[in-house]
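Welcome! Have the structure open and a pencil ready, and try each task before you read its solution.

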Amino acid sequence: MSAEWPKSGPEGLQGQSLGPGRSQGPSAAGQGPLTAPWSVPPWRAYTAAAVLCYINLLNYTNWFVIAGVLLDVQETFQIGDSHAGLLQTVFIGCLLLSAPVFGYLGDRHSRKATLAFGLLLWSGAGLAGSFIPSQYAWLFFLSRGAVGTGVASYSTIAPTVLGDLFMGDQRTRVLAVFYIFIPVGSGLGYVLGSAVAELTGNWHWALRILPCLETVALILLILLVPDPPQGAAEKQGVVATKYPRSSWCEDVRYLGQNWSFVWSTLGVTAMAFVTGALGFWVPKFLFEARVVHGLQLPCHREPCGSQDSLIFGTLTVVTGIIGVILGAEASRRYKKINPRAEPLICASSLLVAAPCLYLAVVLASVSLVASYVFLALGELLLSCNWAVVTDILLSVVVPRCRGTAEALQITVGHLLGDAGSPYLIGLISSVLRARRPDSYLQCFLSLQQSFLCCAFVIALGAGSFLLASLHLQKDQAQAQELGPGTPDDKDTERQNLLPSAGDPTEAY
């Protein structure tokens, strides 16, 4: 089992294979004072993975539960499209500002304690937000920002914990299961929000149910999830504790010179831009399309019941599960033939997703069925990449920088992606509506036209993954060379992370 590591030595550490095209590298022996090998029973590693998957489900449910009741939120706080988009921007903005802090803490302190703090914070803030009166819209915005801050700890650190519990093909499979819960949780957010609002007649209860589930998650996290040392998988249980590590600025500089990481991060940013915009606005867009087709009455006061949130949520869950499994399995099989398989799979799926999403938006005014079909295809292709992009990061970054790498990828992805895309779509829609007659048809057309930029952005993301494929093998080899063991002094580690400018053969 990959959760129980062999001892270092000629037949253990040095001979271990990490999968196709990836070798373990030199042993850590002789590099400095080392502690006893770290290991965890296989059953506990899989139990921890199950708990982390459950929390990831709740994590992404929190992201999109507001989108499931967006029309009701707008009616309660009397806000237009641009301010409604700003609600998600505040959430993502606080998340991206907090991610580097949690990444720094995760690389240097207890990751388990950091995860528990974040879970407690987002659960409490979400519950508090459900009791805010309608005249205090600004306070509701603030509560969503606090939820985003708590979510940042989990999104940053949880994948690195799984990376230190599993390796090789097992790591790919476990990450695939973990990332299945992104679309499943997102879809559950739509379904939970709209279903609870319809059953209770009050959308606030959607925010009050989640903290009960998150309390259970916190208890399971404390009792069942271990706190593995950084790089436990690659080091095969060998950990050094006596000497200090490189500074955060040096880690960032190293990552900035890692071109596989840089280009894949830009690809993730394009994915985040599109998924953020679609995830926030599609339920309302489909509702307005249904009104235009004469299948739904306009909403003038809450509750604004709509089957579109339920349908879109179900589509997100189903296509997400299938897409993540297909992407992970395609990556596992194809990289046995082509070592650059992971970024090439990401690029291919995005190139096909771009026209699918374009057709889904354009055909909504002609046929809702055709729009749903192409929307499902687009979501399926986007979901193929979630597990694969994390596998890319774990393979090209040295273990002691992975928390920081996850944090930077989250920060850049959200800062340039879904932090601004919901607000940008809402702003474009509001500007277009201001110049047109006040009717539901013009409202629908304004939102439809504001979506068209998403197809262009997703094509740019495909180009970024193609560029990442050009550097992948070199960066993987360098990460494996520097990964095992820990340098026996601070200067040596700095030299490893930051190669000499005079040696072009070691440049990242």
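The exercises below move from the whole chain to single residues, and the model they use is a predicted one.

**Exercise 1. The whole chain**

Find out how many helices and strands the protein chain has, and what share of its residues is buried.

Solution.
- Step 1: Go through the secondary structure, which comes to 19 helices and 0 strands.
- Step 2: Turn to burial; of the 508 residues in the protein chain, 59% are buried.
- Step 3: Look at the outside, where the accessible surface is about 19000 Å² and carbon and sulfur atoms hold 66% of it.
- Step 4: Take the contacts with a separation of 6 or more; 86% of them join residues 24 or more positions apart.

**Exercise 2. The largest nonpolar core**

Work out which residues of the largest nonpolar core touch the most other members, and which helix gives the most to this core.

Solution.
- Step 1: The largest nonpolar core has 125 residues, and those touching the most other members are Leu52, Phe140, Trp203, Val274, Val397 and Phe451.
- Step 2: Helix H1, residues 42-68, gives the most to this core, namely 15 residues.

**Exercise 3. The length of a helix**

Check whether the span of helix H6 agrees with 1.5 Å a residue.

Solution.
- Step 1: Helix H6 covers residues 168-200, which is 33 residues.
- Step 2: The expected span is 1.5 Å times one less than the number of residues, which gives 48 Å for H6.
- Step 3: The end C-alpha atoms of H6 lie 47 Å apart, so the two values agree.
- Step 4: Look just past the end of H6, where glycine 201 follows with a positive phi, near 75 degrees.

**Exercise 4. Two stacked pairs**

Describe the ring pair of tyrosine 60 and tryptophan 63, then that of phenylalanine 285 and phenylalanine 444.

Solution.
- Step 1: Recall what to look for: a pair of aromatic rings is described by the distance of the centres and the angle of the planes.
- Step 2: The structure holds 12 aromatic pairs. In one of them, tyrosine 60 and tryptophan 63 are 4.9 Å apart centre to centre with 25 degrees between the planes, and the pair is stacked.
- Step 3: Place these residues on the chain: tyrosine 60 and tryptophan 63 are both in helix H1, 3 residues apart, about one turn of the helix. An α-helix has 3.6 residues a turn, so residues three or four places apart point the same way.
- Step 4: Tyrosine 60 and tryptophan 63 are both buried.
- Step 5: Now take phenylalanine 285 and phenylalanine 444, a stacked pair with 5.2 Å centre to centre and 15 degrees between the planes.
- Step 6: This pair links distant parts of the chain, with phenylalanine 285 in helix H10 (residues 259-292) and phenylalanine 444 in helix H17 (residues 440-450), 159 residues apart. Phenylalanine 285 and phenylalanine 444 are both buried.
- Step 7: Return to the rings of the earlier pair: Tyr60 and Trp63 form one aromatic cluster together with Phe64 and Phe91.

**Exercise 5. A charge over two rings**

Find the rings over which arginine 208 lies.

Solution.
- Step 1: Arginine 208 lies over the face of phenylalanine 131, at 4.3 Å from the ring centre.
- Step 2: Arginine 208 also lies over the face of tryptophan 205, at 4.8 Å from the ring centre.

**Exercise 6. An enclosed helix**

Explain why helix H2 is described as largely enclosed.

Solution.
- Step 1: List the buried residues of H2: Leu70, Leu71, Asp72, Val73, Gln74, Thr76 and Phe77.
- Step 2: These are 7 of the 8 residues of helix H2 (residues 70-77), so the helix is largely enclosed by the rest of the structure.
- Step 3: After H2 comes glutamine 78, which has a positive phi, near 55 degrees.

**Exercise 7. Two residues in helices**

Decide whether cysteine 346 and alanine 116 are buried or exposed, and find what they touch.

Solution.
- Step 1: Cysteine 346 is in helix H12 (residues 341-362). Its relative accessibility is 0%, and buried means under 20%, so cysteine 346 counts as buried.
- Step 2: Beyond its neighbours within four places in sequence, cysteine 346 is in contact with Asn385, Val388, Val389 and Phe465.
- Step 3: Alanine 116 is in helix H4 (residues 111-129). At 16% relative accessibility, alanine 116 counts as buried.
- Step 4: Not counting residues up to four places away in sequence, alanine 116 touches Leu218 and Leu221.

Methods: Residues numbered from 1 in each chain as written. Predicted model: local features only at pLDDT ≥ 70, side-chain atom pairs only at ≥ 80, totals over all residues. Heavy atoms only, no water. Helix = DSSP H or I, 4+ residues; strand = E, 2+ residues; numbered from the N terminus. Buried < 20%, exposed > 50% of the residue type's maximum accessible area, 1.4 Å probe, protein only. Contact = heavy atoms within 4.5 Å. Areas by Shrake-Rupley, 256 points an atom, 1.4 Å probe, with all protein chains shown as cover. Core = buried A, V, L, I, M, F, W, Y, C linked by side-chain atoms within 4.5 Å. Phe/Tyr/Trp six-rings, centres within 6.5 Å; stacked < 30°, edge-to-face > 60°. Lys NZ or Arg CZ within 6 Å of the ring centre and 35° of its normal.
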